[in-house]
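Here are my notes on the model, as numbered points. Please read them with the coordinates open.

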Amino acid sequence: MAHRTLTPVFVGLRTGLHLLSAALLAVVVVRVLIVRPSTMGAALALAGCFVVLYLLGARITALAPRRRAAAGAAWIVALTVCWVALLILVPEAAYLVFPLFFLYLHVLRGAAGPIAVVVTTLIAVVALGLHGGFTMGGVVGPLVGAGVALLIGLGYRALAREAAEREALLSELIRTRDRLAAAEREQGVLAERGRLARDIHDTVAQGLSSIQMLLHAAEAADGDRPGIEHIRLARETAAEGLADTRRFIRELAPPTLEGGLAAALQRLGAQGAQAGRTVCVEVTGDESVLRMDEQTALLRIAQGAIANIGQHAHADTIELVLDAAPEGTILVVRDDGVGFDPAEVRAGAAAAGSFGLRAIAERVEQLGGELAIDSAPGQGTTLTVTLHGGSA
């Protein structure tokens with residue numbers, strides 16, 4: 001018998017059906033052995049044939065779905081023919097019609113199942129009447145059994161359909177969960193790649209750029225002897241870049257923050273001053289209200305902003321102001337350079353391969369802050385980063 005185990009309820013129903021069939025067939029066999037009619041051999045042979053056919057139903061479940069339907073219909077027809085032949089010889093075989101009701105409703109699709117129940121009910125009633133005369137019990141019994149079987153069988157079919165739908169829905173939910181997990185992992189990888197790109201851009205790349213400018217300044221120094229201060233600062237910048245690179249591997253706090261954010265900003269200003277610009281650094285408030293990731297991000301933003309000024313603004317003076325407070329932190333980087341049109345720069349940043357302003361904007365967005373850029377051609381630039389409610 002084809003059956004797909006969907007829930008423990010279905011397993012219980014199937015087991016009960018098997019036990020009922022076995023018990024009723026045992027009643028038929030015992031009746032034949034007690035009465036010992038002249039057709040006892042044929043009756044026992046038909047009973048054995050019924051058992052074999054019934055057991056063959058379990059093999060149908062291993063077939064492909066298309067073959068399963070045809071094989072199931074052929075199997076139930078063969079089982080019915082065997083039952084009718086047994087019913088002709090043994091009237092008690094009429095009781096086997098009750099498990100057959102459930103088999104018809106389970107194996108036969110559509111209206112074929114209920115029609116088969118009605119037909120076999122009539123066969124059972126007629127057979128009982130021919131064997132022992134038509135009685136109230138012989139007529140009402142099969143009719144009541146058929147009605148109960150229809151109610152239970154149709155309810156079972158509805159439960160099986162609903163269970164199959166839930167199983168399909170659960171499978172879809174599991175696949176959706178797996179896809180979401182894969183998407184989250186991919187987003188995490190992309191976010192980490194973006195973070196590393198920003199860190200490398202704001203540290204190693206900017207440090208190399210500073211070294212290049214410092215060496216150019218040393219090369220252009222008066223006299224035959226290169227500028228020792230420029231070379232020393234270039235060496236220190238290279239050392240800091242190496243330390244930052246190692247930090248990326250170790251995923252530890254940046255070495256430039258070991259003395260605090262204010263000290264790191266002062267060193268950043270000194271590097272800018274050695275490149276031939278006037279850099280004014282002013283730090284007020286209490287930087288301890290800032291988390292380590294916020295301090296790191298503000299330092300990287302300042303590094304990126306000053307590097308952009310050195311490359312594009314051609315400014316003589318840079319002001320770097322940090323005001324840290326529990327209610328909010330403000331970082332301002334201002335220059336007197338050539339200025340630019342922020343909207344135009346954002347529009348052409350991807351095509352031009354520019355990364356500086358985009359990296360700054362991404363850092364501010366990750367911190368949940370606000371970024372404002374006030375600039376115009378010939379009027380310098382003011383970059384303002386606002387963090388709300390920094391916490392230690």
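1. Strands β2 and β3 pair in the antiparallel sense, with 8 bridges between them. The connection from β2 to β3 is a hairpin through 2 residues. Within this pairing, Val321 has Val332 in β3 as its bridge partner. The model is a predicted one, and everything below should be read with that in mind.

2. On β3 there is a further pairing to record: β3 and strand β5 (residues 381-388) run antiparallel and are joined by 8 bridges. Val332 stands opposite Thr384 in β5. Val332 thus appears in both pairings, as the partner of Val321 and opposite Thr384. Is β3 enclosed or open to its surroundings? Because 6 of its 8 residues are buried, β3 is largely enclosed by the rest of the structure.

3. A salt bridge also spans the β2 and β3 strands: the side chains of Arg334 and Glu319 meet at 2.8 Å, N to O. Arg334 belongs to β3 (residues 328-335) and Glu319 to β2 (residues 317-325), so the contact ties together parts 15 residues apart in sequence. Arg334 is partly exposed, at 33% relative accessibility, and Glu319 is partly exposed with a relative accessible area of 33%.

4. The structure holds 8 salt bridges. One of them joins the side chains of Arg31 and Glu92, at 3.0 Å from N to O. This pair links distant parts of the chain, with Arg31 in helix α1 and Glu92 in the loop between α3 and α4, 61 residues apart. How do the two ends fare in exposure, buried or exposed? Glu92 is buried, because its relative accessible area is 17% and the cut-off is under 20%. Arg31, with 38%, is partly exposed.

5. Helix α6 (residues 136-219) contains a salt bridge of another kind. The side chains of Glu162 and Arg166 meet at 2.8 Å, N to O. They are 4 residues apart in α6, which means that about one helical turn separates them. Glu162 counts as partly exposed at 35% relative accessibility, whereas Arg166 is exposed at 58%. A network of salt bridges also links Glu172, Arg175 and Arg179.

6. Also to be noted is a nonpolar surface patch of about 580 Å², made by Met136, Val140, Val144, Val148, Leu151 and Ile152. Val140 has its place in helix α6. Why can Val140 be part of a surface patch? Its relative accessible area is 34%, so Val140 is partly exposed and passes the patch cut-off of over 30%.

7. The largest nonpolar core has 36 residues, of which Phe50, Leu79, Trp83, Leu86, Leu96 and Leu103 touch the most other members. Two or more residues of this core come from each of α1 (8-35), α2 (40-60), α3 (65-89), α4 (97-107), α5 (112-132) and α6. Apart from this core lies another, of 30 residues, among them Leu265, Ile301, Ala302 and Ile309.

8. Which residues does Trp83 touch, not counting those up to four places away in sequence? They are Phe50, Ala93, Ala94, Leu96, Val97, Leu100, Thr120, Ile123 and Ala124. Phe50 and Leu96 are also named, with Trp83, among the core residues that touch the most other members. As background, nonpolar side chains tend to be buried together in soluble globular proteins.

Note on methods
Residues are numbered from 1 along each chain as its sequence is written. This is a predicted model: local features need pLDDT of at least 70, side-chain atom pairs count only at pLDDT 80 or more; totals for chains, interfaces and linings use all residues. Side-chain values use heavy atoms; hydrogens and water are left out. Patches are made of residues with over 30% relative accessible area and no salt bridge: like charges are joined within 9 Å, nonpolar side chains (Val, Leu, Ile, Met, Phe, Trp, Tyr) within 5 Å. Accessible areas come from the Shrake-Rupley method with a 1.4 Å probe; for residues, only the protein chains shown count as cover. A salt bridge is a side-chain nitrogen of Lys or Arg within 4 Å of a carboxyl oxygen of Asp or Glu. Buried means under 20% relative accessible area, exposed over 50%, partly exposed in between (1.4 Å probe, protein chains only). A nonpolar core is a set of buried Ala, Val, Leu, Ile, Met, Phe, Trp, Tyr and Cys residues joined through side-chain atoms within 4.5 Å. Contact means heavy atoms within 4.5 Å. Two strands pair if DSSP finds at least two bridges between them.
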